[in-house]
Amino acid sequence: MVASYLPNDIWETIFNLNINDNDDDNRRYLNSLSLVSKQFLSITNRFIFSLTVYDGSTSFLGLLKRFTNLNSLALATSFYFNTEVDKILIKISCFPLKLTSLSLPHYCTIPADGLRSFSQNITTLTSLTCYQIRYLNTSDLFLIAECFPLLQELDFSYPSDSGYKNYSSYEDGVKAISLALIKLRKVNLSGFPINNQSLFHLFNNCKYLEEVIMFDCDEITNEGIASALRERPGLRSLSFSATSSNPEYREMFATSHLIDSLVSLKSLTCLALHNLNISDELLNSIAREGLPLMSLDLQSCTDYSFNGIFYLLSKCQHIQHLGLESAYFLEDQHVVQLSSLLRDLVSINLTCCQLTKSALFTLANNCPSLSEINMEMTGENVVGNSDSLGKLCVYPQLKALYLGKTSWLSDESIIMFASIFPNLELLDLNLCNDISEGICEVLRKCYKLRHLNLAYCPRVKLHGLNFVVPKLEVLDLSNTKVDDETLYVISKNCPGLLQLLLEHCNDVTEKGVKHLAENCTQLRKIKIGNSSHVKDALFFTDIRKVLC
């Protein structure tokens, strides 16, 4: 019996003892408590700090009265919603909220009237996301600079339909941003129309700038980024790529001038370089300067070798996140050597490397903190059967494993992986053609699994799922041959399912989808689309559209 005589503040203290840093754990914990009584529901409302709105109507506004401690609000993409963003923001501004983070819908234009009203009534905003904004212009930048002077984080990445061929026309707007947002710490300008002059204004004027993300910025030259880096020696994180086919852009991080500027960043802990020609000299220079790197991502970079990356890792032995996607020179024996230097490693991305499952076991065995491995599209299975690998241990630390598009995976392989990685919470096996009934045994062994991706697995079968999978929340079966019988099995044995993706599943009918929606009471989203037996509009029967 619930001790309802206890005051709310005592219960709030008790509930808070079980709150941790995992948002998913907290959501499940609070959801279960909220079902106990009206008193508990009222108390748990105070622990809701973020809200993502998927519905284009104003029905979610009632939640703002319940969740009085909200500090983060995201307005997700909705075609018919974008034209009403101004009105929505004006209504939100009437609530006594202390929001610190706001994300605008993708593909909308800047809602000038709504943002003005919002900024006048909610003055606590420190983070603004304007991802894929349409028809972005200089006046929008001046508006942001005027309305939100306390911003510490700003995302203007990948504006669409802006017609911004004249990059110099944005210089005044970027300069206004850099002068007004004196507390700016993090900025994402990926795909944004920024040139050398604008970049210099940003780095020169924003004295507290620590993190800069500039993927796909083709107007930034070698000289431009080198001079900008010299203006901000306290920079902690830099992400950069260029998609231009012009060799000048791909070679910029191989020049001595830019290398000297980069290694002058003595506080640099995170470096991400994508689609660039780098060199061993760059890696050696970082190693010699002893930069305190904790995250290094060299996705699709070329012209460096194993010797270069080995020397860097031998000097920077506190790397927690390492990305070597498309490092074609890597072989299993190289992974053995590298893993001995990676005792603090938490995640690694080896997509498109010529590796086998031997490398996977080496990493798990030698990196005690490793919780995430991405080895999609890796080499052929030249190792043979599991007996050739010797005695296998159990590695409870691994939580996420990405093995999609791997031709050698079989039922036998994934069952073996499930045995040695029993605490997996995410497993991605998309486009693995030989996986069939073995996935049921994986679900039995990995009882903590929350996210399972089986998209484009043509032979996968779940009919043998005759036991409860209590924690599975996201299941992707798109482009598979699942049928109504499969949906019945899922509805019976996956009580915690939140999202189910069934795109291009032609053996699924409306009857099966309705049965699933009616029986999976936690289900929030079913994505169908292009099924010959299900109307595209039929996504749910009684599924909530507003997620929190």
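So, strand β8, residues 237-241, runs parallel to β7, with 4 bridges joining the two. Strands here count as paired if DSSP finds at least two bridges between them. Helices and strands themselves are DSSP runs, numbered from the N terminus: H or I over at least four residues for a helix, E over at least two for a strand. If you want a spot to click on, take methionine 214, whose bridge partner in β8 is phenylalanine 240.

Before I go on, this is a predicted model, so local features need pLDDT of at least 70 and side-chain atom pairs count only at pLDDT 80 or more, while totals for chains, interfaces and linings use all residues. Residues are numbered from 1 along each chain as its sequence is written, and side-chain values use heavy atoms, with hydrogens and water left out.

Back to the strands. On the way from β7 to β8 there's helix α10, residues 222-231, and the three make a right-handed β-α-β unit. Right-handed means that, with the strands pointing away from you, the path from the first strand over the helix to the second runs clockwise. One step earlier, β6 (residues 186-188) pairs with β7 (residues 211-214), parallel, over 3 bridges. Valine 187 stands opposite valine 212 in β7. The chain gets from β6 to β7 through helix α9, residues 196-205, and that β-α-β crossover is right-handed too.

Now the inside. Which residues touch the most other members of the largest nonpolar core? They're Ile92, Phe253, Phe421 and Ile439, in a core of 167 residues. By nonpolar core I mean a set of buried Ala, Val, Leu, Ile, Met, Phe, Trp, Tyr and Cys residues joined through side-chain atoms within 4.5 Å. And buried is under 20% relative accessible area, exposed is over 50%, partly exposed is in between, using a 1.4 Å probe and protein chains only.

Take phenylalanine 253. Skipping neighbours within four places in sequence, its contacts include Ile225, Leu238, Phe240, Leu262 and Asn277; contact means heavy atoms within 4.5 Å. Apart from that big core lies another one, of 5 residues, including Trp11, Phe15, Ile43 and Phe47.

Next, two helices, α17 and α18. In α17, residues 411-420, the buried residues are Ser413, Ile414, Met416, Phe417, Ala418 and Ile420. They pack against α16 (357-366) and α18 (438-445). On the α18 side, the buried ones are Gly438, Ile439, Cys440, Val442 and Leu443, and those pack against α17, β15 and β16.

Staying on α18, there's a salt bridge from glutamate 441 to arginine 444, with the closest N and O atoms 3.6 Å apart. The rule for a salt bridge is a side-chain nitrogen of Lys or Arg within 4 Å of a carboxyl oxygen of Asp or Glu. Why are those two well placed? They're 3 residues apart in the helix, so about one helical turn separates them. An α-helix has 3.6 residues a turn, so residues three or four places apart point the same way. Both are partly exposed, glutamate 441 at 27% and arginine 444 at 44%.

How many salt bridges are there? The count comes to 13. Some share partners: Glu153, Arg185, Glu210 and Arg236 are joined into one network. Arginine 459 bridges to aspartate 434, with the closest N and O atoms 3.7 Å apart. Arginine 459 sits in the loop between β16 (451-453) and β17 (474-476), and aspartate 434 in the loop between β15 (426-428) and α18, so this pair ties together parts 25 residues apart in sequence. Arginine 459 is partly exposed at 45%, and so is aspartate 434, at 37%.

For the cysteine people: a search of the whole structure finds 0 disulfides, where a disulfide is a pair of cysteine sulfur atoms within 2.5 Å. Cysteine 270, at 21% relative accessibility, is partly exposed, and so is cysteine 393, at 39%.

One last residue, aspartate 332. Buried or exposed? Buried, at 18% relative accessibility. Aspartate 332 is in helix α15, residues 332-339, and beyond its neighbours within four places in sequence it contacts Leu355, Thr356, Ser358 and Ala359. Aspartate 332 and leucine 360 are 28 residues apart in sequence, with their C-alphas 8.9 Å apart in space.
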